[in-house]
Amino acid sequence: MMDLPQRYGFIGLGVMGWGMANNLRAKIPASATFCVCEISDKRLGEWLAQAPGPVSVAASPKAVIEQSDVVITMLPAGQHVSSVFTDPNTGMLSADASHLKNKLFLECSTIDIVTSLRLAAEVKTLQHCDFIDAPVSGGVHGANTGTLSLMVGCDSSELFDRIKPILSFLGKSENIFHCGGVSAGLATKQINNYLSCITMLGTCEAMTLGLRSGLDPKTLAEVIKVSTGACYNCGDQNPVRGVSSLASASRDFEAGFTTEMAKGVLDMALSHGDAVGAKSVLGGVVSEFYERAARHPQCKGKDFRSIFKLFSEDDAKDLE
């Protein structure tokens, strides 16, 4: 087994980044250094108070790359990732050339493919540096428990074999997939999220139908889980409170993958579909629904499974 790097950086301690950074610090060699960068002082302070090992704090992404061999970024959207890489004053790529050699950039955010490819091209001009898109799936629970699935886009199987031990600190080794070249990880992630948005909408309709039929929701979910309607959103993430202790419904849909984020990735997937000529029957209908949901006070800022409230409250009047 090849030696693991000894200097790690992590940028973005948000809903997902919090648990990912915890697992990385806890699982890398004790002798390895770990540097974090977070724009919110409050969030940074809270994370540092529970950090599972020695940590240093960088004032900027540029400072992170100056003291790291591997940098993981986990940020909300493409513009944030772009700024972290390319801001002329604070971005990682603004560092002196002496600090931009033999680096691994593991970009775990879910962003648009165009931005990712542009950043990958810039990194490719550097000396012995690699840009890898490695978006994740598994939600807050997966981030906190180190059981995420990772979808990897990188130039070669040799590079994938080199980075997989690092990614295994964040997710299950058997659920880390080499999806193809650069951007293939993002394409896979967007397709997964497109399907997730559809199955969540279908789950809401199915569970509402069950409740109105007088069925016990937990029994209904258990039946579906072992039948042809099985899906993650009807099982572990069932939106009916009390069905699953793992579901965001158990915490009133606080934290998690927000409705706005779900809409954003859904649109990325539809845009990608247009670019590659893939036809869609449901895309327009589902996008229009999530557009309304993302503005609704019951769903805005909440985990996207909060769309169930539109079906279950006020006699579903907001669906009319």
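Which residues does the UniProt annotation "domain: 3-hydroxyisobutyrate dehydrogenase-like NAD-binding" cover? According to that record, an unreviewed entry, the answer is residues 184-310. Keep in mind that this is a predicted model.

**View 1. The annotated span, residues 184-310.**
Here's the stretch that carries the UniProt label. Helix makes up 57% of the span, while strand makes up 0%. If you pick out the C-alpha atoms at the two ends, you'll find them 34 Å apart.

**View 2. Helix 8 packs against helix 11.**
Helix 8 runs through residues 184-212, and helix 11 through residues 283-295. Their axes sit 11 Å apart and make an angle of about 75 degrees. Angles from 65 to 115 degrees count as roughly perpendicular, so that's the word for helix 8 and helix 11. Who touches whom? On the helix 8 side, look for Tyr194, Cys197, Ile198, Met200 and Leu201; on the helix 11 side, look for Gly283, Val286, Phe289 and Tyr290. Sorted by class, this contact has eight nonpolar residues, one polar residue and no charged ones.

**View 3. A salt bridge between Arg162 and Asp130.**
The structure holds 14 salt bridges, so to speak a whole collection. In this one, the side chains of Arg162 and Asp130 meet at 3.4 Å, N to O. Arg162 belongs to helix 7 (residues 157-167) and Asp130 to strand 6 (residues 130-133), so the pair links distant parts of the chain, 32 residues apart. Is each partner buried or exposed? Arg162 has 34% relative accessibility, so it counts as partly exposed. Asp130 has 19%, so it counts as buried.

**View 4. A salt bridge between Arg212 and Asp315.**
Here the closest N and O atoms are 2.9 Å apart. Arg212 is in helix 8, and Asp315 is in the segment after helix 12 (308-312). That's another link between distant parts of the chain, with 103 residues separating the two. Both Arg212 and Asp315 are exposed.

**View 5. Asp252, Lys302 and their network.**
The side chains of Asp252 and Lys302 form a salt bridge at 3.6 Å, N to O. Asp252 lies in the loop between helix 9 (217-225) and helix 10 (259-276), and Lys302 in the loop between helix 11 and helix 12, so this pair ties together parts 50 residues apart in sequence. Asp252 is partly exposed, with a relative accessible area of 29%, whereas Lys302, at 14% relative accessibility, counts as buried. They also have company: Arg241, Asp252, Glu254, Lys302 and Lys309 are linked in a network of salt bridges.

Conventions
Residues are numbered from 1 along each chain as its sequence is written. This is a predicted model: local features need pLDDT of at least 70, side-chain atom pairs count only at pLDDT 80 or more; totals for chains, interfaces and linings use all residues. Side-chain values use heavy atoms; hydrogens and water are left out. UniProt positions are given in the numbering used here, feature names are shortened, and annotations may be inferred rather than shown by experiment. Helices (H or I, at least four residues) and strands (E, at least two) are DSSP runs, numbered from the N terminus. Axes are lines fitted to C-alpha atoms, for helices over the stretch in contact, and angles run from 0 to 180 degrees between N-to-C directions. Angles under 35 degrees count as roughly parallel, over 145 as roughly antiparallel, 65 to 115 as roughly perpendicular and the rest as oblique. Contact means heavy atoms within 4.5 Å. Ala, Val, Leu, Ile, Met, Phe, Trp, Tyr, Cys and Pro count as nonpolar, Asp, Glu, Lys and Arg as charged, and the others, Gly among them, as polar. A salt bridge is a side-chain nitrogen of Lys or Arg within 4 Å of a carboxyl oxygen of Asp or Glu. Buried means under 20% relative accessible area, exposed over 50%, partly exposed in between (1.4 Å probe, protein chains only).
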